[in-house]
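Please open the model in your viewer and keep a selection tool at hand. The stops below say what to select next and what is to be found there.

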Amino acid sequence: MRGRDLRRLTRALSARNVTSTWADLLTSVYMAILTLVLTVATVWWSARELLADRPTTTPRLLIDPSWLAVLAALWFLALLVAVVSRVGPVALPRPEASWWLPIPVERRTLLRPAGATWLAVTAVVAAAAGVTLAGGLGAGMPTVALAGLAGAGIGALAVGVLALGQAAGRRREAWWADIPVLGVAVVGVLVVAVGLPPLPTPSPGPTAALAVAAVAAGAVVCWRADRRLERIHDVDLHRLGAAQELAQFATLQLDSRELGRALERAPRRHRRARSARLSQVRGPASALLVADAVALVRSPRHLAQLLIGLVIASLGAALRDWHTLLVIPLVFVGTLLAASATAEGARAAHRTPALDQLLPLGARATRWVRFAVPVVATALVTLVLGALLGWRLGDVPGWVALVVAGTPVWAAAVVRGAYRPDPQLSGLLIPTPIGAVPAGMGRQFVVGPDLAVVGMIPLWIALVAQQVALPLILVQAGLAVLALLVASRRPRRRREQSAPRQRS
């Protein structure tokens with residue numbers, strides 16, 4: 001029995017219980033195509049407006065917007081590859097894995113559709129990135145089409161390489177799949193340091209050569225991966241399928257915290273890290289402090305995230321043409337990303353409350369201790385960012401003082417987001433074009449970043465005015481203290497709030 005026959009039998013049995021119609025399928029396809037077209041059109045128009053009237057030279061330590069567009073496209077593709085390496089590219093959901101894998105059937109046609117899913121998704125996203133990038137640089141329609149074909153080939157090549165590694169039994173050792181994300185950050189630093197000139201408008205000849213090479217390489221690698229699908233181990237298919245289901249559930253819940261947990265890569269073997277004396281531990285508070293610091297230092301992923309956040313925030317200060325509407329989002333996203341890497345201790349404590357309950361500390365005191373590592377680690381990022389803003393706009397001491405004074409705000413925001421309540425799916429539902437959404441689902445994105453948006457208002461005012469004043473520094477310091485007080489407050493549960501009414 002071949003794998004395709006088993007899949008055909010499964011579809012026939014599943015079709016008896018299907019309640020959806022072809023109209024539902026067409027509606028879903030229409031919404032997906034419409035979303036893709038609107039996204040590409042919006043990014044294309046923004047890129048053309050941003051990259052218009054570009055000069056031919058760029059000073060050192062400044063970056064042209066054209067390079068920023070290239071880095072954004074590469075970053076997005078590298079991030080997609082990192083996600084695929086954690087949940088694929090070949091995986092089976094737990095029901096299918098439990099039923100199919102014990103049956104002695106031919107595996108190649110059985111697993112081929114599972115591998116084709118991520119291949120198609122990555123190719124389409126990479127093609128959209130290529131089209132947007134070429135259109136933003138002012139290329140004609142033939143060149144734009146060739147750029148999309150080149151992007152699709154590059155995406156297929158990346159997924160094929162991951163599939164080859166999975167078939168070779170190196171799936172859990174594929175730490176190099178995360179390197180492209182950090183590599184793009186290093187490229188961004190080099191672009192800023194060297195001061196490369198603006199990118200020229202792509203021409204059809206080189207773009208066609210790149211498209212042919214990318215498509216040919218992607219086809220060869222995917223063909224070789226398809227020939228080796230039978231070598232993928234059952235344990236790998238089970239584990240990746242479970243991770244994919246958790247990631248899908250977290251995405252439907254719009255819970256970024258749970259999504260990060262689902263995408264965490266499990267180590268190949270459970271072995272203890274090197275021992276340390278930890279002589280700094282003198283009591284419960286110091287134990288929490290040392291635990292958070294050790295967790296950060298021993299996590300290469302979070303250290304890389306800290307560096308990537310610093311690079312993203314620095315790109316806003318290094319833009320050759322000052323665009324306030326672009327600088328503020330880059331500074332906000334980069335600094336918040338870097339600060340989020342330092343709050344793993346708080347997220348682990350929320351996932352396992354027994355970690356905090358074992359120590360003789362109250363909930364408010366525990367949160368105050370959790371602020372220490374994010375404040376110190378984020379201060380390194382804000383110090384560099386303040387120096388770059390001061391070098392760019394003048395008054396280095398003033399900008400450093402303003403940005404560093406707001407460091408506690410970022411720490412309070414990420415700790416508050418780490419302790420936010422889990423989403424409640426049993427409440428009221430709000431009808432939307434994409435389906436019913438629980439009423440409180442938006443809190444998953446608001447709690448935490450809202451504190452950073454409000455607490456850094458003096459910095460946003462200074463970036464708009466492109467100058468620093470002493471009142472802004474004082475107000476920023478006051479807002480930092482207020483943010484810590486807000487984030488340290490433990491919200492009362494409903495039972496605690498209704499207890500006085502019951503006694504009365």
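The tour moves from one helix to its aromatic contacts, then to the cores, a capped helix and a few single residues.

The model is a predicted one, in which local features need pLDDT of at least 70 and side-chain atom pairs count only at pLDDT 80 or more, while totals for chains, interfaces and linings use all residues. Residues are numbered from 1 along each chain as its sequence is written, and side-chain values use heavy atoms, with hydrogens and water left out.

Begin by selecting residues 324-340, which make up helix α13; helices here are DSSP runs of H or I with at least four residues, numbered from the N terminus. With 17 residues at 1.5 Å a residue, α13 should span 24 Å, and its end C-alpha atoms are indeed 24 Å apart, where the expected span is 1.5 Å times one less than the number of residues. Now colour its buried residues, V327, L330, V331, F332, G334, T335, L336, A338 and A339; buried means under 20% relative accessible area, exposed over 50%, and partly exposed in between, with a 1.4 Å probe and protein chains only. An α-helix has 3.6 residues a turn, so residues three or four places apart point the same way. Showing the surroundings, you will find that the buried residues of α13 pack against several helices, including α3 (65-87), α12 (300-317) and α22 (457-465).

Stay on F332 and add W460: their ring centres are 6.2 Å apart and their planes lie at 65 degrees, so the pair is edge-to-face. Rings of Phe, Tyr and Trp (for Trp, the six-membered ring) pair if their centres lie within 6.5 Å, with planes under 30 degrees apart counted as stacked, over 60 as edge-to-face and the rest as tilted. This pair links distant parts of the chain, F332 in α13 and W460 in α22, which are 128 residues apart, and both residues are buried. Adding W410 completes a cluster linked by ring pairs.

Next, select W368 and F371, an edge-to-face pair with 5.6 Å between centres and 85 degrees between planes. Here W368 is partly exposed, at 37% relative accessible area, whereas F371 is buried, at 3%.

For a wider view, select I63, W75 and L459, which have the most contacts inside the largest nonpolar core, a set of 60 residues. Such a core consists of buried Ala, Val, Leu, Ile, Met, Phe, Trp, Tyr and Cys residues joined through side-chain atoms within 4.5 Å. Apart from it lies another core, of 13 residues, among them A97, L110, L111 and L237.

Move on to helix α18 (residues 396-405), whose buried residues are G398, W399, V400, L402, V403 and A405. D395, in the loop between α17 and α18, caps the N-terminal end of α18, with a side-chain oxygen 3.2 Å from the backbone nitrogen of G398. D395 also has a positive phi of about 65 degrees although it is not a glycine, and its relative accessible area of 44% makes it partly exposed. Compare Q466, in the loop between α22 and α23, where phi is again positive, near 60 degrees, in a residue other than glycine.

Finish at T143 in helix α6 (residues 141-167), which counts as buried at 3% relative accessibility. Leaving aside neighbours within four places in sequence, T143 is in contact with A134, P202, S203, P204 and T207, contact meaning heavy atoms within 4.5 Å.

Methods: Helix = DSSP H or I, 4+ residues; strand = E, 2+ residues; numbered from the N terminus. Polar contact = N/O pair within 3.5 Å; in protein donor to acceptor, adjacent residues only side chain to side chain.
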